[in-house]
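Please open the structure in your viewer and keep the sequence panel beside it. This tour proposes one selection after another and says what can be found at each stop.

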Amino acid sequence: MASTRSTERDHQTDMTLPSSSAQSAREVVARRLRDLRKGAGLTVVTLASRCGWHHSKTSRIETGRTGPTATDIRLWCRAVGAEQDAEDLIAQSLHAESMYSEWRHRTRTGLKALQDSAVAFFRQTELFRVYSSSLVPGLLQTEGYAAAVLSMSAHFRDVPVDDSADAARARVERSQIIHERGRRFVLLIEEAVLRYRIGSPDAMAAQLGYLLTAGALPAVSLGVIPSTADRRQWPRETFHVYDDTLVSVELVSAQVRITQPSEIGLYLRAFEQMRRTAVYGAEARALIVSAIDALDSPQA
């Protein structure tokens, strides 16, 4: 019983989700609840009285500012005589809230579990498109580089157990999918990614060296957007597109999962525009080699 109440508290927030697709999903539920109330001929105040809460809560739910808990939805449906609709609305509401997933919840069981949780989904995906403005994409990370990235993440987020070393090994193992047939990987990085010092100089050199190898794999298209490129898009937030069905955006506080076709289309449009400003093959390798050479240069 306690876990049910905890789950409901986790899903009830009084903030606008930082993704319009997530907010749109919440508003669909809000409209259905409002329509049920109006269809039953109840005022906001009357419904609130029947549910046992203040009328301002009804308004917040109907405007999508507050996500209703499962209990809220059951009480609402009972008040309007539509109990048969409750479970469907609960499922819709949980889906809307799950589009915005806070890192503090996702890392409670450690970083390795987070890596492992994506394995099955990766195997269902045929086309991976990744744009990164800050880091080498996880699919191309070496163990040393991944360990440095995940260690930073563990310390920043105060993860209860720092299992970043195990998580790095799991990430590299998961990334072996790039060697399997039947999938394509189109990866774009900003030139600055090659210059950011992540981990030790040896770890960074190994990572850059691996990019030279991985970028030549048949299933991998690795593009580097030069800092001097005539841009159509300014550097954007890092995002991953899985087939044409899901976009994952990583924020400081959370991961946003976008499934609304119109929004996926915007990300694909941005991706294509940036892809056309990137360099590939020998030109991309020249930028990587230049970054490797710079590791041996004295720091200013």
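Begin by selecting Val193, which has a relative accessibility of 0% and therefore counts as buried, where buried means under 20% relative accessible area, exposed means over 50% and partly exposed lies in between, all with a 1.4 Å probe and protein chains only. Val193 belongs to helix H12, residues 191-195; here helices (H or I, at least four residues) and strands (E, at least two) are DSSP runs, numbered from the N terminus. If neighbours within four places in sequence are set aside, Val193 is in contact with Ser132, Ser133, Ser134, Leu135, Val136 and Met204, contact meaning heavy atoms within 4.5 Å. Add Val224 to the selection and draw a distance between the C-alpha atoms: Val193 and Val224 are 31 residues apart in sequence and 9.1 Å apart in space.

Before going further, please keep in mind that this is a predicted model, in which local features need pLDDT of at least 70 and side-chain atom pairs count only at pLDDT 80 or more, while totals for chains, interfaces and linings use all residues. Residues are numbered from 1 along each chain as its sequence is written, and side-chain values use heavy atoms, with hydrogens and water left out.

Now zoom out to the whole protein, whose secondary structure comes to 15 helices and seven strands. Of its 300 residues, 47% count as buried. Among the contacts in the protein with a separation of 6 or more, 75% are accounted for by residues 24 or more positions apart.

Next, select residues 44-51, which form helix H3, and look for Leu47, Ala48 and Cys51, which are buried. Seen down the axis of H3, these buried residues fall within an arc of 100°, so they line one face of the helix; the arc is that of the directions from the helix axis to the C-beta atoms. On the other side of H3 you will find Val45, Ser49 and Arg50, which are exposed. Just after the helix comes Gly52, whose phi is positive, near 85°.

Keep H3 on screen and add helix H4, residues 55-62: the two helices pack at an angle of about 110°, with their axes 8 Å apart. Axes are lines fitted to C-alpha atoms, for helices over the stretch in contact, and angles run from 0 to 180 degrees between N-to-C directions. H3 and H4 are therefore roughly perpendicular to each other, since angles under 35 degrees count as roughly parallel, over 145 as roughly antiparallel, 65 to 115 as roughly perpendicular and the rest as oblique. Which residues meet here? From H3 they are Val44, Val45, Leu47 and Ala48, and from H4 they are His55, Thr58, Ser59 and Glu62. Sorted by class, this contact has four nonpolar, three polar and one charged residues, with Ala, Val, Leu, Ile, Met, Phe, Trp, Tyr, Cys and Pro counted as nonpolar, Asp, Glu, Lys and Arg as charged, and the others, Gly among them, as polar.

Within this contact, pick Val44 of H3, which touches Arg37, His55, Thr58, Ser59 and Glu62 when residues up to four places away in sequence are not counted. Val44 and Ser59 are 15 residues apart in sequence, and their C-alpha atoms are 7.1 Å apart in space.

Then move to helix H10 (residues 143-156) and helix H11 (residues 164-174), whose axes come within 8 Å and cross at roughly 130°. H10 and H11 are therefore oblique to each other. On the H10 side the contact is made by Glu143, Ala146, Ala147, Val149, Leu150 and Ser151, and on the H11 side by Ser164, Ala167, Ala168, Arg169, Arg171 and Val172. These residues divide into seven nonpolar, two polar and three charged.

Staying with H11, highlight its buried residues, which are Ser164, Ala167, Ala168, Ala170, Arg171 and Arg174. Seen down the axis of H11, they fall within an arc of 165°, so they line one face of the helix.

For the next selection, find Gly138 in the loop between strand S2 (127-132) and H10. Gly138 is buried, with a relative accessible area of 17%, and touches Arg171 and Ser175, not counting residues up to four places away in sequence. The C-alpha atoms of Gly138 and Arg174 are separated by 9.4 Å, although these residues are 36 apart along the chain.

Finish at Asp243, in the loop between strand S5 (239-242) and strand S6 (246-250). Its phi is near 50°, a positive value in a residue other than glycine.
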